[in-house]
Amino acid sequence: MFKVKLKTNSDTLEFTANEHNSLMECAQDFEINIPSSCRNGTCRTCMTRSKSGVVRYDIGWPGLSREEKQEGWILPCVAIACSDLELENTKAYQI
Ligand code: FES
């Protein structure tokens, strides 16, 4: 289990992520909504900045460029936590 801090427009939310489910699914368990559409790593609606920590993807190549990945962008609908994380998504909110 990993601790995730998610900075939004107005707050810093916290939830616990596991090694099996996507960050988006884990956030939903804590009634945190990260805006999404496709939920399969292609539409980029859920793009979130990772300030620290490591994620992995079970799909071959999520819809991010190499540069975006290097800048810390992740797709939480398909990203799975591998460590504690500090994320930033101004459109996320507590339900
Ligand atoms: S919801 Fe489409 S890429 Fe995440």
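This passage describes the fold, the sheet, the nonpolar core and selected residues of one chain, as seen in a predicted model.

The chain contains two helices and nine strands. Read from the N terminus, these elements follow the order β-β-α-β-β-β-α-β-β-β-β. The radius of gyration is 12 Å, close to the 12 Å that the globule rule gives for 95 residues, so the chain is as compact as a globular protein of that length. Along the principal axes, the C-alpha trace extends over about 30 × 25 × 20 Å. Of the 95 residues, 29% count as buried. Among the contacts with a separation of 6 or more, 62% join residues that are 24 or more positions apart.

Strands of a sheet pair through backbone hydrogen bonds, in either a parallel or an antiparallel manner. In this model, five strands form an open sheet with mixed pairing, arranged in the order S2-S1-S8-S4-S6. The edges are occupied by S2 and strand S6 (73-74); each has a single partner strand, so one side of each is left without a neighbour in the sheet. The pairing of S1 with S2 is antiparallel and comprises six bridges. Within this pairing, Lys-5 has Glu-14 of S2 as its bridge partner.

The largest nonpolar core consists of 21 residues, and the members that touch the most others are Val-4, Leu-6, Phe-15, Leu-23 and Ala-27. Two or more residues each are supplied by strand S1 (2-7), strand S2 (12-17), helix H1 (23-29), strand S7 (79-81) and strand S8 (85-88). Helix H1 gives the most, with four residues. The surroundings of Val-4 illustrate how this core is assembled from separate parts of the sequence. When neighbours within four places in sequence are left aside, Val-4 is in contact with Glu-14, Phe-15 and Ala-17, with Leu-23, and with Ala-81, Leu-85 and Leu-87.

A further buried position is found in strand S4, where Thr-48 is located. Thr-48 has 26 other C-beta atoms within 10 Å; because a residue with 20 or more such neighbours counts as buried, Thr-48 is placed in that class. Apart from neighbours within four places in sequence, the contacts of Thr-48 are Ile-34, Ile-74, Pro-76, Leu-87, Glu-88 and Asn-89. Although Thr-48 and Leu-75 are 27 residues apart along the chain, their C-alpha atoms are separated by 6.3 Å.

Two loop residues were examined for their backbone angles and their exposure. Glu-31 is located in the loop between H1 and strand S3 (32-33). The phi angle of Glu-31 is near 55°, a positive value in a residue other than glycine. Only 12 or fewer C-beta neighbours are allowed for an exposed residue, and Glu-31 is therefore exposed, having 11 other C-beta atoms within 10 Å. Arg-39 belongs to the loop between S3 and strand S4 (48-52). The phi angle of Arg-39 is also positive in a residue other than glycine, with a value near 60°. Arg-39 has 16 C-beta neighbours inside 10 Å and so counts as partly exposed.

Key: Residues are numbered from 1 along each chain as its sequence is written. This is a predicted model: local features need pLDDT of at least 70, side-chain atom pairs count only at pLDDT 80 or more; totals for chains, interfaces and linings use all residues. A nonpolar core is a set of buried Ala, Val, Leu, Ile, Met, Phe, Trp, Tyr and Cys residues joined through C-beta atoms within 7 Å. Two residues are in contact if their C-beta atoms, placed from the backbone, lie within 7 Å. The radius of gyration is taken over C-alpha atoms; the globule rule is 2.2 Å times the number of residues to the power 0.38. Two strands pair if DSSP finds at least two bridges between them.
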